Structures are given as structure tokens and as C-alpha cells.
Amino acid sequence: MIYDNNRFFERFDVLFGKKSSIVAGEEYPLGFFAAEVMDMDAAVLEELKKLTQQASQEFDVFLTARTASSAGMAVQALDQAWELVRQLPLYNKIPYREGRGSSVSGVVYELRGDEQKLDQMLTVGTAENELLRRWHGVYNRLADDLQRFRYDTDDMLTDYFEELPSRRPEAYAAAFESCMASFREIYMQTEDEEDLAYMSGRRINFPVGISFVVERDKKTGQPFMAERMTFEDLISFLYMDLYRGMAAGNVPRQCHNCSRWFLAIGAYDTVYCQRVAPGETARTCRQVGAHRKEREKNGRDFACREYARAYNRLKTWKQRGKISAEEWNRRVAHIQDVKSEFLAGGMSDAEYTAKLDWV
């Protein structure tokens, strides 16, 4: 990744290989950053929205007031917002230049003594004014765009990816196709203006500059072709990371134990993350999940074994004429209900066997 302090925009490059993205010389599996954003605390997004909007307002005040105090307030607000922006996924991997904080607060210092530049920035139709308008859009939308990415991705993965019988890239492609087809169908049928406006805001296409460079595999030293993509906003990169990860067999997924998002890699049907499990000091969700699966398997085996014992006893009674066909049907239905209740966790082992023996 190359950091380009381009006035208002934190333009950056990311290299993409077949299975990974390369950021500041470090490799991350495709989909890694999309999963990181899915796992963000909602409170961070709320704070981000507050700080970026406040920074934008203070910058506008500076442009019109042009005083030392308004410049100081703008720099303070911009730097506060920038400190939080730099903690976001991907941005926290970029080796930013040391010095005056964000490129935007640097612009305040540059403009402070240049009345002509200030006039150009406030004059509609100038390149400086167009740059200002674009920055306002990107900066003010950042928190909302991140929230929209999380909502749309959650919606797609939960509804179309969670119950897939296969985790291969081909299955992910088919699920994505079904999701897009459903989206288009809903869009064509709805007449609600608010729904149409919301769906129109869904990001499917996004601008990106592409070139090619040669990188070398860190393990083998062998060269390979990598795509160098230039992005002007974090959201475009996140969609690229999500979809390229999907094509490689990697998708964000919610852990079946702690419910946090993680990246399921390599088309494996992984349902547990590797974080320390809630209530544990060392065991991970994956380890806890493995023990839980074993307990569930043992429970199912026990349930089936005890059910078969009760069923065979009833079958023998029926064959010997000790119970009628009607009574046989009634009692078999009863032990089936008891088995279902036990598997659902509704009773202990002792209660289960006692209820089966009662018949």
C-alpha cells in the first residue's frame, strides 16, 4: 500500500493476489478487512459519525470566518475525527506520515494565510470548490456508509449463505446470484419511494483504478502478478475485499458460540471462531464448540438407544397381544414426543428414561 496525502482524500493503493491482499507489505486473506468491519462495535460508528460531522461543520466555519480561533477549532475537530478514522480496519494498517495529523487539518494550515485559495474554495464551479464538495460527501457519509455495508452484508450472508449445503466458491457465486436476482425483483415491484431510495443507495458498482505489478512470494521467492488497485474511499475497498474473498472461498460468518463475526477461510464449513470463548480463560470458541458437538452427539446416541429400548418393548407387547394396535400407536407417539423434548433440552437423562419406562 502507498499512502498518498492528496489534500482532502486519503487515496491509497492495495495489492491483490489470488488469495490475499497486501497492505504495507503484509499479506491478509481476502475478505479479512470485510470481516473486521462486520465485527466492529456499533458504538464506534456512532462516535465516528458525531466526530466527522462536527469536524465538517468546524471546517465550514473556518472557511467563512477565516480567523485564528476558527482555524484552531477546525484543526482540533479534524484531528479528533482523524484519530478515530485511523483506528478503522485497513486504515489501522497504513503507515501514515508523521506530522500534522490528517491531510485535511494540514489544508487548514495552508489556507490560513492564503485568501485567494479560500476564495476559490468557496466559489462554485472552481476545482477547489469541487474538491471541497467531494470531501464533504465522503467525510460526512463515512459512518453511514460503513453501517450500510454492515447491514447489506449481514442481510445477504444470513439469508443466502448461512444454510448453504456447500462452501465452495461456486456455491458462494450461486448464492450471490440469487441475492442479486431477489434484489432486482423487489426493486422492480416496489412503489414505495423510501424503499426505492434506500435500494438505490445499495453499492453494487464502485470506481477503482487498476494497474499491474510483480510481487514475490515471501516463502518461495517466486514472482507473481499482482493487481494494484487505487481507492479513494474505504467503502469501495471493503466491497472489493468482500467479493474477492467470496470468489476465493472466504466469507465473513457469525460464530455459532459467541455470535461475533470472523472470516471463514478456504471454503471450509467453519462455524466457530478462534477467539477465547465467553466465560473461558483459555479455551477458544472452536474448542468449546468441539466439546459441545461431542456432548450433543453423545446425547443423541443416548436418546436413540433409550428410545429403541422402549420402542422394542412396546413392539414385543403388541406382537404378544398385550396391547391393542390403537394402544400401540398411542404409546409410540408418546415416546416420540418424549425423545423430541429430551433432545431439545427439556429434561435430564434420568427424567427421560423414567418417562420412557412409564409407557
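The expected span of a helix is 1.5 Å times one less than its number of residues. Keep that rule in mind as we walk through this structure, which is a predicted model. Helix 2 is a good place to try the rule out. This helix covers residues 42-65, 24 residues in total, so it should span 34 Å. The C-alpha atoms at its two ends are 35 Å apart, which agrees with the expectation.

Let us stay with helix 2 and look at its two ends. At the N-terminal end, Asp 41 acts as a cap, with a side-chain oxygen 2.9 Å from the backbone nitrogen of Ala 43. Just past the other end of the helix, Arg 66 adopts a positive phi of about 60°. Between these ends, a set of side chains is buried: Leu 45, Leu 48, Leu 51, Thr 52, Ala 55, Ser 56, Glu 58, Phe 59, Phe 62 and Leu 63. Notice that Thr 52, Ser 56 and Glu 58 are on that list along with Phe 59 and Phe 62.

Now step back from helix 2 into the loop that joins it to helix 1 (32-38), where you will find Asp 39. What does the side chain of Asp 39 make a polar contact with? Its partner is the side chain of Arg 260, at 2.5 Å. Setting aside neighbours within four places in sequence, Asp 39 touches Arg 150, Arg 260, Trp 261 and Arg 275.

Next, let us see how some of the helices pack. Two packed helices are described by the angle between their axes and the distance between the axes. Take helix 6 (residues 127-161) and helix 9 (residues 234-248), whose axes come within 10 Å and cross at roughly 20°. Angles under 35 degrees count as roughly parallel, and helix 6 and helix 9 are therefore roughly parallel to each other. Their crossing is right-handed. On the helix 6 side, the contact is made by Asp 145, Leu 146, Arg 148, Phe 149, Asp 152, Thr 153, Met 156 and Phe 161. Helix 9 answers with Leu 234, Ile 235, Leu 238, Tyr 239, Leu 242, Tyr 243 and Met 246.

Helix 6 also meets helix 3 (68-85). Here the axes come within 12 Å and cross at roughly 60°, which makes helix 3 oblique to helix 6. This crossing is left-handed, whereas the one between helix 6 and helix 9 is right-handed. Leu 78, Ala 81, Trp 82 and Val 85 of helix 3 meet Trp 135, Tyr 139 and Leu 142 of helix 6.

Two loop residues deserve a look for their backbone. Most residues other than glycine have a negative phi, and most peptide bonds are trans. Ala 24 is not a glycine, yet its phi is positive, about 50°. You can find Ala 24 in the loop between strand 3 (20-23) and strand 4 (26-29). Leu 90, also not a glycine, has a positive phi of about 80° and sits in the loop between helix 3 and helix 4 (103-112). Are these residues buried or partly exposed? Ala 24 counts as partly exposed because its relative accessibility is 36%, while Leu 90, at 0%, counts as buried.

Finally, here is the whole protein. It has twelve helices and eight strands, and 42% of its 359 residues count as buried. Among contacts with a separation of 6 or more, 57% come from residues 24 or more positions apart.

Terms used
Residues numbered from 1 in each chain as written. Predicted model: local features only at pLDDT ≥ 70, side-chain atom pairs only at ≥ 80, totals over all residues. Heavy atoms only, no water. Helix = DSSP H or I, 4+ residues; strand = E, 2+ residues; numbered from the N terminus. Buried < 20%, exposed > 50% of the residue type's maximum accessible area, 1.4 Å probe, protein only. Polar contact = N/O pair within 3.5 Å; in protein donor to acceptor, adjacent residues only side chain to side chain. Axes fitted to C-alpha atoms, helices over the stretch in contact; angles between N-to-C directions. Parallel < 35°, antiparallel > 145°, perpendicular 65-115°, else oblique. Left-handed = near helix turned anticlockwise from the far one by under 90°. Contact = heavy atoms within 4.5 Å.
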